[in-house]
Every structure is written in structure tokens, then in C-alpha cells.
Amino acid sequence: KKIIHQRTNTTPFDLVPQEEGAGVTVRVMKPLDATELSLETVYEKFHPSVQSFTDVIGHYISGERPKGIQETEQMLKVGTALTGVGELVLDSTTIKLQPPKQGMPYYLSTMDFNSLLQKQESNVRFWKILTVLFGFATCAVLFFVLRKQYRHQRERRHLKQMQDEFRQAQERLMRERNAEGGETLRNACVVCLSNTKSCVFLECGHICSCTGCYQALPEPKTCPMCRQAISRLVPLYNS
Ligand SMILES: [Zn+2]
Ligand SMILES: [Zn+2]
């Protein structure tokens with residue numbers, strides 16, 4: 001259901017004092033702009049629209065098919081006590097009550113002024129409480145989100161630190177192992193590459209072979225480094 005067109009007609013009315021003959025009347029302008037105005041519906045009728053063939057085609061194209069016209073008449077009964085809060089204007093001879101400028105609220109109510117005031121105040125209180133509650137909720141949510149993010153970041157930093165430490169330890173270990181390997185390789189016999197060097201060849205003085213490999217050298221025995229004849233063998237003792 002959709003309102004295609006709405007037209008509102010209002011009848012201006014006057015507020016008169018309760019005591020007879022006081023003579024001051026206030027003309028109420030634009031009463032439908034006021035909040036809190038409760039009107040009594042006195043007439044309501046629905047006029048279904050009669051549709052011709054062309055209308056049906058037109059409505060089919062536009063997608064809107066009017067069902068009819070709803071006519072409603074609402075009124076304030078004569079003698080209703082009404083409280084108005086708005087802007088009072090003296091226009092030549094009549095005093096007018098109109099909606100205040102700058103978008104301030106305009107009230108017309110069947111309640112008396114005090115209960116109207118009370119209602120507005122309780123409304124204000126309700127909104128204040130709601131605002132405070134929302135403020136707290138927002139703060140709480142913000143706090144939790146920030147804390148979670150902080151923890152997440154701290155965890156990530158911790159993890160990264162651990163990874164770094166692990167990598168450093170691994171590198172250190174590798175270095176040590178390499179150094180060790182270099183050491184053993186430098187001490188290994190150049191012939192078999194597995195035993196440690198354990199004898200000095202004379203007269204050249206090379207330390208390059210283990211005793212087993214020396215014994216396995218073909219006769220006449222020559223130094224594997226410089227091919228000089230080996231006249232004497234001195235065993236080497238590492239202390
Ligand atoms: Zn050897
Ligand atoms: Zn030699």
C-alpha cells in the first residue's frame with residue numbers, strides 16, 4: 001500500500017479564554033505542524049476508483065494502480081481545552097499562535113501545561129538515559145576492541161621475537177658446525193680424508209698424512225705434497 005497523492009485541508013480555529021467575555025482570542029495557525037495534537041476522527045470513507053480500459057493499461061505501464069481515495073475528517077470538538085506552546089504574533093488586530101522559527105517544537109495538546117511539561121521532561125530524561133547508556137556501550141565496545149587488538153599485536157610481537165631468536169640460534173649452530181667441520185677437514189689426512197694427520201715427513205717436513213696411508217704409499221715412498229723422497233718418519237702426538 002502506497003500513498004500516491006495526499007491533500008490536506010485545515011480550518012483555522014481560535015482559542016478563547018474559559019471565562020466568558022474576556023475578549024482575547026488567539027488564532028491557531030498550521031495546527032497540523034504541532035506535535036502532541038490528538039484529533040478525533042469524525043468521518044472516514046473510502047471511494048474505490050472506477051477504472052476504464054485505458055486506465056488499466058496506463059497503470060500496468062506505470063506499475064501503480066490506484067485503489068481509490070481515502071477521505072478522512074478529523075476535528076477538535078468545540079469547547080476542548082487546549083494548551084498551545086509556540087510563537088505568539090500580533091498581526092494587525094489578531095493574535096496568532098504559529099510554529100516557532102528556527103525549527104523549535106510546536107505543541108498543541110489537550111493536556112494542561114504542567115502535564116505537557118512533565119511529559120516532555122520525562123521524554124528528555126529518557127533520551128538522556130539512552131544517550132548515556134549508548135555512550136557506555138560504545139566505550140565498552142571500543143575498550144574491548146582495543147584490548148583485543150593490543151593483545152593480538154603483543155602476541156604477534158612475541159611470536160616474531162621467538163622466531164628471530166630461533167633463527168639466530170640456528171645460524172649460530174650452523175656457524176659452529178661449519179667451523180668444526182673446517183677444523184676437522186684441516187686436520188684430515190690428504191690421502192684418505194678421514195683419519196687425522198699423524199706424522200711428519202723428513203726432510204721436506206710436511207704434515208699431511210696418517211700413519212696407515214704412509215705405510216700404504218708405494219715404494220720408493222715420496223711425499224704426496226711435494227714428491228720429495230721420505231728419508232725418515234716422525235710420529236706426531238697432539239697434546
Ligand atoms: Zn690417511
Ligand atoms: Zn713434502
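**View 1. The largest pocket of this predicted model holds about 2,100 Å³ of space.** Its lining is made up of 49 residues, and those closest to the pocket centre are Thr 8, Asn 9, Thr 72, Glu 73 and Gln 74. Sort the lining by class and you get 23 nonpolar, 15 polar and 11 charged residues.

**View 2. Three strands feed the lining of the largest pocket: β1, β3 and β4 each supply at least two residues.** In residue numbers, β1 is 13-15, β3 is 40-48 and β4 is 68-75. Which element gives the largest share of the lining? That's β4, with 8 residues.

**View 3. Four protein donors hold the zinc ion (ligand 2): Cys 204, His 206, Cys 223 and Cys 226.** The cysteines each offer SG, while His 206 uses ND1, and these donors lie 2.1 to 2.3 Å from the ion. What geometry does the site of the zinc ion have? It's tetrahedral, with angles of 103 to 114° among the 4 donor atoms. Read along the chain, the donors of the zinc ion are spaced C-x1-H-x16-C-x2-C.

**View 4. Cys 204 and Cys 223 link distant parts of the chain at the zinc site.** The two are 19 residues apart. Cys 204 sits in the loop between β9 (199-202) and β10 (207-209), and Cys 223 is in the loop between α3 (211-216) and β11 (232-235). Buried or partly exposed: how does Cys 223 count? Its relative accessibility is 0%, so Cys 223 counts as buried. Cys 204, on the other hand, has a relative accessible area of 24% and is partly exposed; the cut-off for buried is under 20%.

**View 5. Residues 189-227 carry the UniProt feature "domain: RING-type".** That label comes from an unreviewed UniProt entry. In the model, this stretch of chain is 15% helix and 18% strand. Take the C-alpha atoms at the two ends of 189-227 and you'll find them 16 Å apart.

**View 6. Ser 49 sits in the loop between β3 and α1 (53-62).** How does Ser 49 count, buried or partly exposed? With 34% relative accessibility, Ser 49 counts as partly exposed. If you bring Pro 105 into the frame too, the C-alpha atoms of Ser 49 and Pro 105 are separated by 38 Å. Along the chain, Ser 49 and Pro 105 are 56 residues apart.

How values were computed
Residues numbered from 1 in each chain as written. Chains lettered and ligands numbered in written order. Predicted model: local features only at pLDDT ≥ 70, side-chain atom pairs only at ≥ 80, totals over all residues. Heavy atoms only, no water. Donors = N, O, S within 2.8 Å, 3.2 Å for Na, K, Ca; no water. Tetrahedral: all angles 85-135°; square planar, octahedral: opposite > 155°, others 65-115°. Helix = DSSP H or I, 4+ residues; strand = E, 2+ residues; numbered from the N terminus. Buried < 20%, exposed > 50% of the residue type's maximum accessible area, 1.4 Å probe, protein only. 1 Å grid on protein atoms, 1.4 Å probe; cavity = no way out; pocket = protein on both sides within 12 Å on 5 of 7 lines; lining within 4 Å. Points joined across faces, edges and corners; volume = space filled by probe spheres on them. Nonpolar A, V, L, I, M, F, W, Y, C, P; charged D, E, K, R; others polar. UniProt positions renumbered as here; feature names shortened; annotations may be inferred.
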